[in-house]
Amino acid sequence: MVDVIYTCPMHPEVRQAHPGSCPACGMGLELESAAMADDDPNPELVDFTRRFRIGAALTLPLLVLTMGPFLGFGGLREAFGERGALWIEVMLGTPVVLWCGWPFLARGWSSFRTMNLNMFSLIAMGVATAWLFSMVAVLAPGMFPEGFRDAEGHVGVYFEAAAVIVTLVLLGQVLELRARESSGKAIRALLDMAAKDARVVREDGREEEIPVDEVQPGDRLRVRPGDKVPVDGVVVDGRSSVDESMITGEPIPVEKTAGDALTGATINGTGSLIMEATRIGADTMLSQIVEMVANAQRSRAPIQKYADRVAGLFVPVVILAAACAFIAWALWGPAPALSYAILAAVSVLIIACPCALGLATPMSIMTATGRGAQMGVLIKNAEALERFETVDTLLVDKTGTLTEGKPRLVAVLPENGYDEATVLSLAASLEKGSEHPLAEAIVRGAEGRGVQPGELGEAADFEAVTGKGVKGRIDGRTVAIGNLQLARDIGLEVEEVEALAEKASHRRDLGETVVAVMQDDKLAGLVSVADPVKDTTPEALRALHRLGLRIIMATGDSERTAKAVATRVGIDDIRADVLPEDKARMIRELQAEGRKVAMAGDGVNDAPALAQADVGIAMGTGADAAIETADITLVRGDLNGIVRARRLVRASMRNIRQNLFFAFAYNTAGVPVAGGLLFPFFGILISPMFAAFAMTASSISVVSNALRLRNKRL
């Protein structure tokens, strides 16, 4: 059984096995793993919504009763009499404070008990002060000195202020919780994509529909037209196009044939496929995406530390400011001075509530990571999101990142006395037992050009010559395939080698890898293989240049081949003949020059470089080790994902700074105004009700600004 863990959205270090409130900030704890969540709404949202509705229903008549005389409806209060009206205020206001506002009072008490002062500390102090003062004023008005009485001798009560504060704070909490629900929709939408059933093909050919949870690795499954792919696997038989847009963000279906990988939750097109299950349950790409997004949404960006530090100092400063406002109004304020003092102190406590400050960064991060997941950009944590904004250099691996990673046969150049089919047959016969990518490309290319597998000879005395090529015997004759050095070693004439070098140079200038095919110490022809550049690469590189990145290509290819590719796609700089261990060293050298470096790669050998880089970017089509090491994973596996990631990061950090500026500016300006700074000049003193409205409005504005990222064009 999986352990259920609850954690705080603002403080991920808080973890416990049961729901409750965060001891650091008072916020309700949420499930740590999105996969554990069910379809039911957030219980805290349900509870707060109910409290808000009841609070609003009681607060509205309370406001009519108390504010009526100022709006020309004084007859209602006169009908009940002053004493009767006060008891009606007690009956309407007390349930709002003690039941609707109980979660805030409990969290506030907990914050003082543990000395983790937070926004609920201020809310609880303000509401409790207004309500207790009012209750004493109703039950024992004679206890109050002259400074609390107005011209008619009445002691003012503030039930309506306490009730409005609670109701508005509840409104803010409900809107915030709904926003959190909304920002988590990316995760739930991904979870909902998963197939519920799978059609398993038994060994006797019988087909049976079973729950997807019962699928085991190695099972053969039929995916019918229009069905969702149940789990991750490999096509065994059939041909179809598969819509992978929900995982990659790319709208164009991908053609799938035998040997191609399938991702669970993608949608099959018009063809029928037989697949073999390889990864199930938590190991599927969908489950890993869900967990990565959930972890990223709970992570904290370094910029949040400044907000935390300010918020930690802010609460005691506000309490001190409220005390100073009370003393100033009590000593120098007009009659009833002490009533004005209470009003000013409560207003300071409420308007200074730093909830907008606490929401500024987490809401933007949650929304940005969810939006990224929808577009096939998986950001591991908020720190990576912030670091990527400062990156100025992008180091990219060539094979599998700029190129498709699958070499293809592009040209066969037979010598006199040989034809294309003979050269291909010799090359494919010798290479068919090799696992080298070039060998695979030659064999596949020969089949594609009409050389049947039955026409290939059997290679004897096969020998791989390190760094040069391979040789062996076919039908009793010596055959060798390799580079110029191998041609010299087997005894080709100098003139032949020079002519061979000239032809090979021309093809290498086109970015191709050229090997010589030799039979009985004679040159039979040349075979040219190339790893095609992805169709998306040139435009993606232009977009990355526009986004301010210098791009360096690292490759194990020769400098000539590397330059050919770089010229074609628009690379700023190249590093050729690079060994896997050299990439991490190159990144350290660039960092020593003061550059912020991102590394994009897809192979196991890229993992050290991905870890060394300021930001590691893995292609989702690559090795698990690379994906595990990287800070950002591109599900689709092409450079357009980096373009999207860069745009998303810039928009996110701009959004966070907007939120923090607004929250800081609001609190800085709000406290002195609430304390009565404008009263000597304009006669304005804000009521706690308006302070509560302003505090709620600031939180709503921060949440709304963060949610704009959901519609950001990437």
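# Briefing: charge pairs, surface patches and a covered helix

R279 is partly exposed, with a relative accessible area of 25%. In this predicted model, R279 shares a salt bridge with D232, and the separation from N to O is 3.5 Å. Because D232 belongs to strand β7 (residues 232-238) and R279 to strand β12 (residues 273-279), the pair ties together parts that are 47 residues apart in sequence. The points below take up this pair again, then turn to other salt bridges, to two surface patches, and to helix α15 with the loop that precedes it.

**Salt bridges**

- The structure holds 25 salt bridges, and the general background is that side chains of opposite charge can pair when their charged atoms come close.
- In the pair of D232 and R279, the acidic partner D232 is buried, with a relative accessible area of 4%, whereas R279 is partly exposed at 25%.
- E255 forms a salt bridge with R239, and the closest N and O atoms of this pair are 3.5 Å apart.
- E255 lies in strand β9 (residues 254-256) while R239 sits in the loop between β7 and β8 (240-243), so this salt bridge ties together parts that are 16 residues apart in sequence.
- E255 counts as partly exposed, at 46% relative accessibility, and R239 counts as exposed, at 54% relative accessibility.
- R206 is joined to D204 by a salt bridge in which the closest N and O atoms are 3.6 Å apart; R206 is partly exposed, with a relative accessible area of 46%, and D204 is exposed, with a relative accessible area of 59%.
- Beyond these pairs, a network of salt bridges links R199, E207, E209, R222, R224 and D227.

**Surface patches**

- R647, R650, R654, R708 and K712 form a positive surface patch.
- Within that patch, K712 is found in the segment after helix α26 (688-707), and K712 counts as partly exposed, at 30% relative accessibility.
- A nonpolar surface patch of about 480 Å² is made by L677, F681, F682 and I684.
- One of the residues in the nonpolar patch, F682, lies in helix α25 (residues 679-682), and F682 is exposed, with a relative accessible area of 61%.

**Helix α15 and the loop before it**

- Helix α15 (residues 420-431) has 12 residues and reaches 16 Å from its first C-alpha to its last, a span close to the 16 Å expected at 1.5 Å a residue.
- Helix α15 is mostly covered, since 9 of its 12 residues are buried, which here means that each of them has under 20% relative accessible area.
- The buried residues of α15 are V423, L424, S425, L426, A427, A428, S429, L430 and E431.
- As general background for reading such a list, an α-helix has 3.6 residues a turn, so residues three or four places apart point the same way.
- G417 lies in the loop between strand β15 (408-414) and helix α15, and G417 is exposed, with a relative accessible area of 81%.
- Although G417 and A524 are 107 residues apart in sequence, their C-alpha atoms are 8.0 Å apart in space.

Technical notes:
Residues numbered from 1 in each chain as written. Predicted model: local features only at pLDDT ≥ 70, side-chain atom pairs only at ≥ 80, totals over all residues. Heavy atoms only, no water. Patch = residues over 30% accessible without salt bridge, like charges linked within 9 Å, V, L, I, M, F, W, Y side chains within 5 Å. Areas by Shrake-Rupley, 256 points an atom, 1.4 Å probe, with all protein chains shown as cover. Salt bridge = Lys/Arg side-chain N within 4 Å of Asp/Glu carboxyl O. Lys, Arg positive; Asp, Glu negative; His and termini not counted. Charge placed at Lys NZ, Arg CZ, Asp CG, Glu CD. Helix = DSSP H or I, 4+ residues; strand = E, 2+ residues; numbered from the N terminus. Buried < 20%, exposed > 50% of the residue type's maximum accessible area, 1.4 Å probe, protein only. Expected span 1.5 Å × (residues − 1).
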